[in-house]
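Biologist: Please show me the protein and its model. I should like to put several questions about the fold.

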Amino acid sequence: MCDSYSFGVEIELIAAPHRAQYRAGRAVYYEKLAAELRSRGARAAADRLDGSYAKHPEHYDKWWITKDGSLGNPDHPLIPLEAVSPILDTAYFWERDIDTFWNAWNCVFRIPDSSRLCGSHVHVSPSPSKRFTVAQLQGLAFGVVYYEEEVLQLLPWYRRENNYCQPNSEHSAALQEIADDDDVTPVEVWDTIRRTTSRREIRDLMQYRTGSSKDRYVLWNFDNVLDGKSGSVEFRGGRDLRGPVRTKRWIAFVVAFAHFCISQNFHSWPRYRFREPNIQQFWRGLRDAAQAIGVKNSLPSDWRAMAEITSDGLNEGLCDFDDSDFDNDSMMSKSDSDFTESDYSGSDSDSDSDTGW
């Protein structure tokens with residue numbers, strides 16, 4: 001059983017700087033943000049934009065401010081960028097790192113634009129090994145399929161129908177073949193996943209499609225669990241993040257989901273337990289898992305608050321549900337932060353980045 005998890009978050013942003021300089025290139029503002037982070041004690045580096053795109057594993061120990069081609073070329077003075085966090089751990093005060101980023105952001109940029117071009121990804125792996133066992137991957141893979149509808153209910157509609165984060169059951173050829181059987185039961189899906197014997201078999205089951213060059217464009221990307229890669233599973237369905245509250249919520253959701261699926265110990269379930277889940281039971285179980293690894297304070301008590309469902313039932317914008325279980329100490333207050341953005345503005349996102357570890 002895992003007691004803590006390593007994770008990293010990729011945040012795509014489009015925003016105007018407070019002091020726009022007409023002739024200044026994007027790299028100037030990337031460095032300004034990195035400098036603000038360093039002035040607050042965080043390790044940070046900025047892309048100089050003087051070469052072709054490449055991954056930078058040498059920067060996984062710091063905030064890396066870089067470009068993302070999917071964000072396009074917005075008009076002056078808007079600056080598109082991707083902020084990639086260092087590898088963080090739920091066993092430490094990771095919330096402070098998130099607060100530090102947004103405080104530094106506020107010194108350089110205005111509140112990020114609401115844009116469907118922007119999204120967020122979270123990579124997760126067990127700590128300290130940073131590598132799932134095959135049994136853990138089986139549990140996580142089954143949870144991805146078993147709770148797929150519940151997870152989709154938490155996403156804005158535009159993330160549910162996004163080419164860059166397709167539900168695994170809709171992209172994977174093997175899972176589609178199973179789904180084509182109208183009489184298939186959850187226990188039969190589990191039997192299929194349980195028969196896998198390697199990381200590659202699990203990866204292929206979850207997202208491989210013959211002839212496709214876009215197998216990583218799934219909601220839960222298992223590509224990095226293969227030997228020689230980082231060992232993490234990537235959640236690609238995150239909405240745009242415009243401040244610390246949403247950022248902490250979606251990080252907490254991903255690491256809690258991983259722990260929830262692994263701790264269920266599906267291997268020991270009697271066959272009668274494999275019933276269709278529902279959103280209320282799912283959310284209670286997820287919050288219990290979040291409490292076990294110390295991230296519950298970053299999750300709302302009501303799943304509809306997570307989904308940002310409005311009082312008229314729409315899955316976007318500001319929600320009006322009670323969030324009394326939210327730990328205010330994990331949020332920045334006016335007394336210790338100059339950040340004033342509410343973090344709840346409704347917005348859309350779309351993403352095609354693969355910067356993370």
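The exchange below concerns the overall fold, the core, one strand, the pocket and some local backbone features.

Modeller: This is a predicted model, in which local features need pLDDT of at least 70, side-chain atom pairs count only at pLDDT 80 or more, and totals for chains, interfaces and linings use all residues. Residues are numbered from 1 along each chain as its sequence is written, and side-chain values use heavy atoms, with hydrogens and water left out.

Biologist: What percentage of the residues of the protein count as buried?

Modeller: Buried means under 20% relative accessible area, exposed over 50%, and partly exposed in between (1.4 Å probe, protein chains only). Of the 357 residues, the share that counts as buried is 57%.

Biologist: Which helix gives the most residues to the largest nonpolar core?

Modeller: A nonpolar core is a set of buried Ala, Val, Leu, Ile, Met, Phe, Trp, Tyr and Cys residues joined through side-chain atoms within 4.5 Å. The largest has 90 residues, and F253, F257 and F282 are among those with the most contacts inside it. F282 is itself in contact (heavy atoms within 4.5 Å) with F253 and F257, among others, leaving aside neighbours within four places in sequence. Helices (H or I, at least four residues) and strands (E, at least two) are DSSP runs numbered from the N terminus, and the leading contributor, with 12 residues, is helix 10 (residues 244-263).

Biologist: Why is strand 8 described as largely enclosed, and which residue of strand 8 is the bridge partner of W220?

Modeller: Six of the six residues of strand 8 (residues 233-238) are buried, so the rest of the structure largely encloses this strand. Strands pair if DSSP finds at least two bridges between them; strand 6 (residues 120-126) runs antiparallel to strand 8 with four bridges, and strand 7 (residues 220-221) pairs with strand 8 in the antiparallel sense over two. In strand 8, the bridge partner of W220 is F235.

Biologist: Which proline is joined to S127 by a cis peptide bond?

Modeller: The residue lies in the loop between strand 6 and helix 3. The cis bond from S127 has an omega of about 10° and leads to P128.

Biologist: Is K130 buried or partly exposed?

Modeller: K130 is found in the loop between strand 6 and helix 3, and has a positive phi of about 60° although it is not a glycine. At 32% relative accessibility, K130 counts as partly exposed.
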